[in-house]
Amino acid sequence: PNLKTNIVKDMSNMFNGCTSLVSLDLSSFGTINVHNMEYMFHSSSSLISLNLANFNTVNVKSMNNMFFRFSKLVSLDLSGFDTSNVENMGSMFYSCSSLISLNITNFNMKNVKMMNNMFSCCSKIVSLDLSSFDAVNVENMESMLYSCSSLISLNLSIFNASKVKKMNNMFSGCSKLVSLDLSGFITSKVENIESMFCSCSS
């Protein structure tokens, strides 16, 4: 609680590989000047409680692999995150295999270019609200929702996707998905759609 972080610019890899850490309260952290949070909690696989309530992420540009392999965390509320300057969200929630509730409703995606593997292997999430995502500058959606095997319904109608080049494996393994709205997709620049809907058996 007494760690002063108000002038810190880089928090990448800070808790990477803390595999026995169960609880972490960072509510006292000052993050106003942080530019880099990539791999920050990567493979902290035993975490069941994480408090990021006061995180100010307005200047963060990279969040790739930030919550990679959170295999025990059930709920994560990031509704307070300002992502207006983030460019990379690749593998951000990769293999969060126990996650049931994920609140990212206020995410601003206007500068994001990389969304590859973003929710890949989040196998217990039933519902995902991406209604705030316009994805206007995203170039890579490869394996974005790969093996989200509990997902039932997904509305991506607001997605622009006009700059996306890769959509391969995007929904592959979404075996319970019954409804999928891609009516807003502009796919004129897409080069790869290999296995895009592979094993969408429902």
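## V126 and the nonpolar patch

V126 sits in the loop between β4 and β5 of this predicted model. V126 is partly exposed, at 39% relative accessible area. Together with I152 and V178, V126 makes a nonpolar surface patch of about 260 Å².

## The positive patch

Charge gathers on the surface too. K113, K163, K165 and K189 form a patch of positive charge there. One of these lysines, K113, belongs to the loop between β4 (101-103) and β5 (153-155). K113 has a relative accessible area of 39%. K113 therefore counts as partly exposed, since that class lies between 20% and 50%.

## V164, a buried loop residue

V164 is placed in the loop between β5 and β6. Its relative accessibility is 0%, so V164 counts as buried. Beyond four places in sequence, V164 touches V138, E139, M141, K189 and V190. Among these partners, K189 is also a member of the positive patch.

How far apart are the C-alpha atoms of V164 and D82? They are separated by 23 Å, with the two positions 82 residues apart along the chain counted as their spacing.

## Y146 and its contacts

Y146 lies in the loop between β4 and β5. With a relative accessible area of 33%, Y146 is partly exposed. The C-alpha atoms of Y146 and S172 are 5.0 Å apart, while the two residues are 26 residues apart along the chain.

Which residues does Y146 contact, leaving aside neighbours within four places in sequence? The partners are F119, S120, C121, N169, M170 and S172. One of them, N169, is found in the loop between β5 and β6 (179-181). N169 has a positive phi of about 60°, although N169 is not a glycine.

## S95, a buried serine

S95 occupies the loop between β3 (75-77) and β4. Is S95 buried or exposed? S95 counts as buried because its relative accessibility is 16%, and the cut-off for buried is under 20%.

Leaving out residues up to four places away in sequence, S95 touches R69, F70, S71, S120 and C121. S120 and C121 also appear among the contacts of Y146.

## S43, a buried serine with positive phi

S43 is located in the loop between β1 (23-25) and β2 (49-51). Its relative accessible area is 13%, so S43 is buried. The backbone of S43 deserves a look. Phi of S43 is near 60°, a positive value in a residue other than glycine. N169 likewise has a positive phi, of about 60°.

## S75 on strand β3

S75 is part of strand β3. S75 is partly exposed, with a relative accessible area of 46%. Setting aside residues up to four places away in sequence, S75 touches L99 and S101. S75 and L99 are 24 residues apart in sequence. Their C-alpha atoms are 5.7 Å apart in space.

Methods
Residues are numbered from 1 along each chain as its sequence is written. This is a predicted model: local features need pLDDT of at least 70, side-chain atom pairs count only at pLDDT 80 or more; totals for chains, interfaces and linings use all residues. Side-chain values use heavy atoms; hydrogens and water are left out. Patches are made of residues with over 30% relative accessible area and no salt bridge: like charges are joined within 9 Å, nonpolar side chains (Val, Leu, Ile, Met, Phe, Trp, Tyr) within 5 Å. Accessible areas come from the Shrake-Rupley method with a 1.4 Å probe; for residues, only the protein chains shown count as cover. A salt bridge is a side-chain nitrogen of Lys or Arg within 4 Å of a carboxyl oxygen of Asp or Glu. Lys and Arg count as positive and Asp and Glu as negative; His and the chain ends are not counted. The place of a charge is taken as NZ of Lys, CZ of Arg, CG of Asp or CD of Glu. Helices (H or I, at least four residues) and strands (E, at least two) are DSSP runs, numbered from the N terminus. Buried means under 20% relative accessible area, exposed over 50%, partly exposed in between (1.4 Å probe, protein chains only). Contact means heavy atoms within 4.5 Å.
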